Amino acid sequence: MGQTIIEKIISRNTDTSAKAGEIVTVNVDRVMIHDIFIPFVAEKFEEMGFTKLWDADKVVLIYDHLVPASQVDDTRHFRIGNAFVEKYGMKNIHRADGICHQLMTEAGYVKPGDIVFGTDSHTTTYGCVGAFSSGIGYTEMASILGTGTMWVKVPETIKVNIEGELPSNVTSKDIILRLIGDLGADGATYKALEFAGDTVEGMSVASRMTMANMAIEAGAKCALFTPDEKTAEYCEITLTDKEKSLVGDEGASYVRVMNYKAEDFVPVLACPSQVDNIKPVSKCAGTEIDQVFIGSCTNGRLEDLHTAADILKGKKVASFVKLIVTPASRKIYNEAVADGTMSILSEAGAIITHPGCGLCCGRTGGILTDGERVVATNNRNFLGRMGTSKVEIFLASPATAAACAITGKITIPEM
Amino acid sequence: MDKFTGRVWVLGDDIDTDIIIPTEYLALKTVQDMTPYAFSPLRPELAGQIQEGDIIVAGKNFGCGSSREQAPEIIKELGIRCVIAKSFARIFFRNSINNGLLLVENGELHDNVAEGDTIEVNINESITHNGTSYKITSLPDNLVEILGAGGLVKAMRKRNGLD
Ligand code: SF4
């Protein structure tokens, strides 16, 4: 009887032979807490009666949602966080380096086969390097900080095979959006998504990250990609045999197998106000827009900025449109400055902001109002996410977003 | 204690945590401060109307979206006795158990109930509405343990020899 990737990861962690449906206690390899929730984690941790962290090295604290502060009381979160760091001897803290999910893999906190929890639903992102990572609340985080363990139900797996070559104007964002549309917003609830096929193998780790990031939008507990040479290079490691064998076995049992041909994908949008309301860009073409946002832990990476720059080079953003570009991390920001991407974007008329969550969580940097439309590369178009509840948010790839910025209308990207 | 009746508020499918509590209010100091804004993007008046002991009946995927644990805390703070939905999003489900908020998964009630109706809930057994009874499936043992301890904080305090 073969195993799925998630069964293999959990089996190795618990030294058992884990099967979907079983409830097991895992040893946690790393945790991530971000600024919004640190006050609550700290409070629960002490309320629970813990006096020390199970392993200070394994805890990462990242300030990203509230950096720089946009409301008067935001800095309280930093003060509480700093006091917690000091009191319990934490070392891994990032105060202005970028978005948590970008930093966790970029700064080397997550490796293939690890089990990682974070106080954020998009913690599924680290599946891009073959880790089991999932979001939890602050009470569970507090209990992990004290014990180093957490219970999980071994999830069933949906396997997604994608074979062939993608059309030039399609990115991994279009794939994951289409998949969420096909599954529905709850189609993968409690389940793992396992990606395979030569299209996926050909993708950069950054593109895989976009897909793992959005797995939660179909309700998934985690998303998994088999670690390969690209993963090794990205993580700056040499893959062990154990890591290489994180493949879904032939005889593994899947609740569902979905097969796609890469050639069949087209640029798509998630239309207001559900992430599974997917339409081809061609169906909405011509709709006028007010703003474009390129950024977030979904699509604020260097390759995304390169895609946008390729489209915007020598062109101008439509006069009535604001194009806001937010790199996902300081490293990406610096790289995009060094290779000239930032000047291309700036010359085209983009407003470039500091790395962080920024507009994605609707707190700062381009909030919209009733009746306005935004095309955005982040992961949620829920009511009120980027301003008032009467803002229409269309989620798209960086290519589509850049094309829309030039025309001021929903536009099919050409590359 | 194991049996109670309550007035019903009916909500639709995919009630996400940004609806339950929008991000702009998440950095308010306490859950009590956030409570008036519960459900505001969808029904701004709802938080003011809910009374102690009321029940929410929703469609599928209740609590989808972000991991914000304030979502179940606020629902509890509003006085909601339990949430009955066709299905729950995973993180919300865990957060609710950890905070001692009772959730019941039921596929049929939502299609037959109207806002303002009264229903009776018999924990781990059944829901009764207009003379029709719906079966409730029971939770796994480890969750019953956490709920039984009064939530995860209390369970951990016990482990650490505090209570
Ligand atoms: S960029 Fe957006 S989705 Fe990602 S962690 Fe920040 S707020 Fe959440």
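**Stop 1: the largest cavity**

Select α4 (100-106) and α12 (296-299) of chain A; each supplies at least two residues of the lining of the largest cavity. The model is predicted, so read every value here as a property of that prediction. Show the cavity surface next. Its volume is about 230 Å³. The lining of the largest cavity counts 23 residues, and those closest to the centre are His65(A), Asp120(A), His122(A), Cys361(A) and Arg385(A). Colour the lining by class: you should get 9 nonpolar, 10 polar and 4 charged residues. Now colour chain A by domain. Domain 1 (5-262) and domain 2 (269-407) each put at least three residues into the lining of the largest cavity.

**Stop 2: the ligand**

What takes up the space of the largest cavity? The ligand does. Select the ligand, then pick its neighbours. From the earlier part of chain A, take His65(A), Ile99(A), His101(A) and His122(A), which are among the residues that surround the ligand. Then add Ser296(A), Cys297(A), Cys357(A), Cys360(A), Cys361(A), Asn379(A) and Arg385(A), also part of the ligand's surroundings. By class, this shell holds 5 nonpolar, 5 polar and 1 charged residues. Keep the domain colours on. Where does the ligand lie with respect to the two domains of chain A? Both domain 1 (5-262) and domain 2 (269-407) give residues to the shell, so the ligand lies between them.

**Stop 3: the second largest cavity**

The count of cavities of 30 Å³ or more is 2. Move to the second largest cavity, with a volume of about 140 Å³. Label Ala185(A), Ile216(A), Gly219(A), Cys64(B) and Gly65(B): of the 17 lining residues, these are the closest to the centre of the second largest cavity. The class split of this lining is 9 nonpolar, 6 polar and 2 charged. Domain 1 (5-262) and domain 2 (269-407) of chain A both give residues to the lining of the second largest cavity, so this cavity lies between them.

**Stop 4: the largest pocket**

Leave the cavities and show the largest pocket. The volume of the largest pocket is about 600 Å³. Select β7 (149-153) of chain A with α5 (90-98) and β4 (102-105) of chain B; these are the elements that give two or more residues to the lining of the largest pocket. Which element gives the largest share? β4(B) does, with 4 residues. In full, 27 residues line the largest pocket. Nearest the centre of the largest pocket are Lys153(A), Tyr190(A), Phe93(B), Pro140(B) and Leu143(B). By class, the lining of the largest pocket divides into 16 nonpolar, 4 polar and 7 charged residues.

**Stop 5: α5 of chain B**

Stay on α5(B). Is this helix largely enclosed or largely open? Of its 9 residues, 9 are buried, so α5(B) is largely enclosed by the rest of the structure. The buried residues of α5(B) include Arg90(B), Arg94(B), Asn95(B) and Asn98(B). Ile91(B), Phe92(B), Phe93(B) and Ile97(B) are also among the buried residues of α5(B). Step just past the helix to Gly100(B), where phi is positive at about 70°.

**Stop 6: backbone outliers**

Most residues other than glycine have a negative phi, and most peptide bonds are trans. The next four picks depart from that pattern.

- Asp14(B): phi is positive, about 50°, and the residue is not a glycine. Find Asp14(B) in the loop between β1 (3-10) and α1 (17-20) of chain B. Asp14(B) is buried, with a relative accessible area of 8%.
- Glu236(A): phi is near 55°, again positive in a residue other than glycine. Glu236(A) is in the loop between α9 (229-235) and α10 (241-244) of chain A. Its relative accessibility is 73%, so Glu236(A) counts as exposed.
- Val67(A) to Pro68(A): a cis peptide bond joins the pair, with omega about -15°. Pro68(A) is in the loop between β3 (59-62) and α3 (75-88) of chain A.
- Pro272(A) to Ser273(A): this peptide bond is cis, and omega is near -15°. Look for Ser273(A) in the loop between β12 (268-270) and β13 (278-280) of chain A.

Technical notes. Residues are numbered from 1 along each chain as its sequence is written. Chains are lettered from A and ligands numbered from 1 in the order in which they are written. This is a predicted model: local features need pLDDT of at least 70, side-chain atom pairs count only at pLDDT 80 or more; totals for chains, interfaces and linings use all residues. Side-chain values use heavy atoms; hydrogens and water are left out. On a 1 Å grid over the protein atoms alone, a cavity is a set of points where a 1.4 Å probe fits but cannot get out, and a pocket is an open set with protein on both sides within 12 Å along at least five of seven lines; lining residues have an atom within 4 Å of a point. Grid points are joined across faces, edges and corners, and a volume is the space filled by probe spheres set on the points. Ala, Val, Leu, Ile, Met, Phe, Trp, Tyr, Cys and Pro count as nonpolar, Asp, Glu, Lys and Arg as charged, and the others, Gly among them, as polar. Buried means under 20% relative accessible area, exposed over 50%, partly exposed in between (1.4 Å probe, protein chains only). A residue is near a molecule or strand if one of its heavy atoms lies within 4 Å of it. A molecule sits in a cavity or pocket if more than half of its atoms lie within 2 Å of its grid points. Domain bounds come from an automatic or database domain assignment.
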